[in-house]
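Me: Hi! Could you walk me through this one? I'd like to start with how far to trust it.

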Amino acid sequence: MSKYLSTMSGLGLISTYVSDSEDDEVNDNSNKSNEVPTRLPLPGSIATWKGIPHHEEVEEEPSEHGGRVRSFKHERGNWATLIYLDYEPSEAMLLWMLSLLEEMPVKCNIFSEQFHISVTRTLVLKFHWIESFVEEIKKLCQQTDQFSLDLLNIRAYCNEEGTRTFLGIECTELKNTLTNFVKDLNNILAEYDLPPFYEEISYHISFLWCLGDETSSLNDLTASLTTKLNQFLVEHTEDRYLHISKVHLKIGNKLYAFKLK
């Protein structure tokens, strides 16, 4: 199991942010040596960004990404965007997640990206929308109270394209803060003609994934896995609740963390 932990330590389980102001944080993960193309004028608030070239059209090679397929191709001026809640599992929780790999009826992988709870779909944001969109999300976060989530059960999820299936820990909120936040967030998305969050919302932390639509196979295990999760949480009560004090926004290679009030 130590082999898995050493592997996971390099997979960005803990993001380091550089302070942008007293209230918000921002991090640029791209190569600092590249300069922003000068052929388009930049809004003042993002004129200092470096290392974020416009997306060129790129031929995807699924074999280089574990067979994963993008939901939309790279296009110049389009930026993949996601708003989410960060989750950093304890060492005990991570060990528990890894232990389930041996029980899967199909070949699964541990989630190699930052563990998180999505509150939007993956969006396609136009370049000229970035400045105002960031300000809208920042303002909404400043008006939203911090809140807590309760880890509930295990569910299987499949993406809209049917190319990947996930096992996730479903979460429930103790108040309606997150519900109201997502409702207000959907109103902002509508202003940019972007799709709202899913109608049947299930907040969850994806932790295992496999290729294709394997929901039927994994659904046969969710009841027993939920029992094991609850047994684990009885022994590790500190892992049952998740306090949310920030909302994260990713636009291309740019990461923001906005504090809730």
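Reply: Happy to. pLDDT is the predictor's confidence in each residue, from 0 to 100, and this is a predicted model. Over residues 62-68 the pLDDT stays under 50; the model has 12 contacts for them beyond four places in sequence.

Me: What's the average pLDDT of the protein chain?

Reply: The average is 82, and 72% of the residues score at least 70. Residues 46-60 have pLDDT below 50, though the stretch has 46 contacts in the model beyond near neighbours in sequence. Where pLDDT is low, the predicted coordinates should not be read in detail.

Me: Fair enough. On to the strands: which way do β7 and β8 pair, parallel or antiparallel?

Reply: Antiparallel, over 9 bridges. Asn153 stands opposite Glu170 in β8. The hairpin has 5 residues between the strands, and Gly162 there takes a positive phi near 70°.

Me: And how many bridges join β7 to β10?

Reply: There are 4, with β7 (residues 147-158) and β10 (residues 241-244) running antiparallel. Asp150 is opposite Tyr241 in β10.

Me: Switching to helix α5: how far does it reach from its first C-alpha to its last?

Reply: Helix α5 spans residues 215-235 and reaches 29 Å, close to the 30 Å expected. There is also a kink of about 40°, centred on Thr222.

Me: Nice. Which residues in α5 are buried?

Reply: Leu218, Leu221, Thr222, Leu225, Thr226, Leu229, Phe232 and Leu233.

Me: What do the buried residues of α5 pack against?

Reply: They pack against α2 (91-99), β7, β8 and β9 (204-211).

Notes
Residues numbered from 1 in each chain as written. Predicted model: local features only at pLDDT ≥ 70, side-chain atom pairs only at ≥ 80, totals over all residues. Heavy atoms only, no water. Pairing = 2+ DSSP bridges. Helix = DSSP H or I, 4+ residues; strand = E, 2+ residues; numbered from the N terminus. Contact = heavy atoms within 4.5 Å. Expected span 1.5 Å × (residues − 1). Bend = angle between axes of the 7 residues up to and from the residue. Buried < 20%, exposed > 50% of the residue type's maximum accessible area, 1.4 Å probe, protein only.
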